[in-house]
Amino acid sequence: MARSIIPIGPFHPLQEEPEFFTLVVDGETVVDIDVKIGYNHRGIEKLSEMKTFDQATFVIERICGICSTSHPFAYVNAVEDIFPMEVPERAKFIRTIIAEGERIHSHLLWLGLAGHFLGYNTVFMWAWKLREEILDVMEILSGNRNNYAMFKPGGVRRDIKKEDIPVCLKKIDSIIPTCVMLKKAVIDDPVLHARTKGIGILTKEEAINYCALGPTSRASGVARDLRKNCPYGAYDKIEWNMIVTENGDVFDKAVVRILETFESIKIIKFCLENLPDGEIDTKIKDIPPGEGIGHIEAPRGETFHYVRSDGTNRPARHKVRAPTFMNLPTYKTTVIGASISDATIILAAIDPCYCCTERIGVKDIKGKKIFNGKDLIKLSQEKTLKLKKEFGVI
Amino acid sequence: MVRDEVVKNFKEKFKSDIVEFLDKSYKRVYVEIKPEAITRVARYIFRDLGARFNTASGVDVRYHIEILYHFTIEEINLLISVRVKLQKDKLEIDSIANIIKGANWIEREINEMLGINFKGHPNLQRLLLPDEWPPDVYPLRSDYQEWDKNAIRDRGV
């Protein structure tokens, strides 16, 4: 059969990062893939050099709507790394609470979309309903559902009120039973096993070679988590488990994310119950010349910031490296050899920006046959339906 | 693997390549090396020490351009930043993308942002900048002038 080219992307109003994929397919099998990024390059590194150290926090918070805590967190760590400085305990705990809340809502968002791609719209509804509860908690704590604006070099901007803590704990407790139900529904489903196990495998060697990060690498058996290995914030004072699985397929990536959600709930509850008293901010006067590095574990992997100061009130250089920058190139090994109906979920499994996959369009070289994103999701959902019938579920 | 031992072994192994060694704190080490030694240093840190390549960052410091390669050894919580200084009349360095696949994209990015030629890179094409961007304009250089007079951009007001 003749080879065809599938262009994916580049634009979609929901994406935070437009990308353009070119899949070369032979019949139903993907034989090659090329990625082109840069459609959403806004020059934030350059922009950040024009702002003062305090203003830059707000600029980089807007790099991503879902990771709106990870970037400021890494940035303030980098600024605090320029010269030796102690952040108050209470501020560290508040930072940890916000970061983990973000992880829960990001993982739930991914789970919902992954469910949708596979034709499990109930999972989509349940996961996004749970996410709403977490966003309410974040609104109580910070005043915003997203873009929390809680971080500043030296501490946090807002304190957590004593009377808010029981309300938040109650809300978080209320989502645990539904989370457990969702976990069982996903992990014990035979159809989902057949659909996602052994698909899009990223081996341990390739994960290390491509320097893959976060859940993508932990699903391949690379036991690296910055919260455990290079503790920042209050993570060294909390008991929690790093989730590592061995197979590296789509199923394992989902399992890592689901189990991590439970760990995050544990961390948030511990922090809220044991919030120390005291100041929330060390007042920084000026920042001496020097350079600093901050790296933290965002929901998708390590976010890396490098800040250089020349003694003025603006950063001389600010380098931002988001986790998807390292995770995206792993497509080269995971997608090749898969079928088109699996490509949607493999592309989504790395959690880049799931919305790209909605923009997939298929056409063969002569331009006879054209599928759009909707058709591809339909293709993926039909495969699940077929498997369901084989298993006798419906 | 003990942290001090790793640092000591590294210093001894690359004695002739190291220009400056800065033990900034327990978690951070900055090493300046000669540009021609980058591939063997990167191979040693990545393969033998089992480090993870974080990223590289280029800085234009007016008289020369610096590239910092950041590596994390997670087992001992140590971040090694390997610094290379390139003179402006000779902006080229060996590519490490053949040793570390994860360095492929960042070298392409530095190439278009600062105009550094990575010798031996498998695919040194543009990554982020648009196609209509002129070839010899590098946005992160300190002498960058806005070339597109019609562009509406935030000028830091």
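This is a short tour of a predicted model, going from one chain to its core and then to the contact between chains.

Begin by selecting chain A and colouring it by secondary structure, where you can follow 15 helices and 10 strands along the chain. If you then colour chain A by burial, 52% of its 394 residues count as buried. Contacts can also be sorted by how far apart the partners stand in sequence: among those in chain A between residues at least 6 apart, 69% join residues at least 24 apart.

Next, turn to the largest nonpolar core, which has 141 residues, and select Ile94(A), Ala114(A) and Ile80(B), the residues with the most contacts inside this core. Now highlight helix α4 of chain A, residues 89–117, because this helix gives the core its largest share, 13 residues. Colour the two domains of chain A as well, domain 1 (3–40 + 328–391) and domain 2 (45–325), and you will find that each of them supplies at least three residues to this core. Stay for a moment with Ala114(A) and display its surroundings: setting aside neighbours within four places in sequence, Ala114(A) is in contact with Ala254(A), Ile345(A) and Ala348(A).

Finally, show chain A and chain B together and select the contact, to which chain A gives 24 residues and chain B gives 24 residues. On the side of chain A that touches chain B, the elements that give two or more residues are α1 (44–49), β6 (290–298), β7 (301–309), β8 (315–321) and α12 (324–327). Colouring that side of chain A by residue type separates its residues into 12 nonpolar, six polar and six charged.

Key:
Residues numbered from 1 in each chain as written. Chains lettered and ligands numbered in written order. Predicted model: local features only at pLDDT ≥ 70, side-chain atom pairs only at ≥ 80, totals over all residues. Contact = placed C-beta atoms within 7 Å. Helix = DSSP H or I, 4+ residues; strand = E, 2+ residues; numbered from the N terminus. Nonpolar A, V, L, I, M, F, W, Y, C, P; charged D, E, K, R; others polar. Core = buried A, V, L, I, M, F, W, Y, C linked by C-beta atoms within 7 Å. Buried ≥ 20, exposed ≤ 12 C-beta atoms within 10 Å, placed from the backbone. Domains from an automatic or database assignment.
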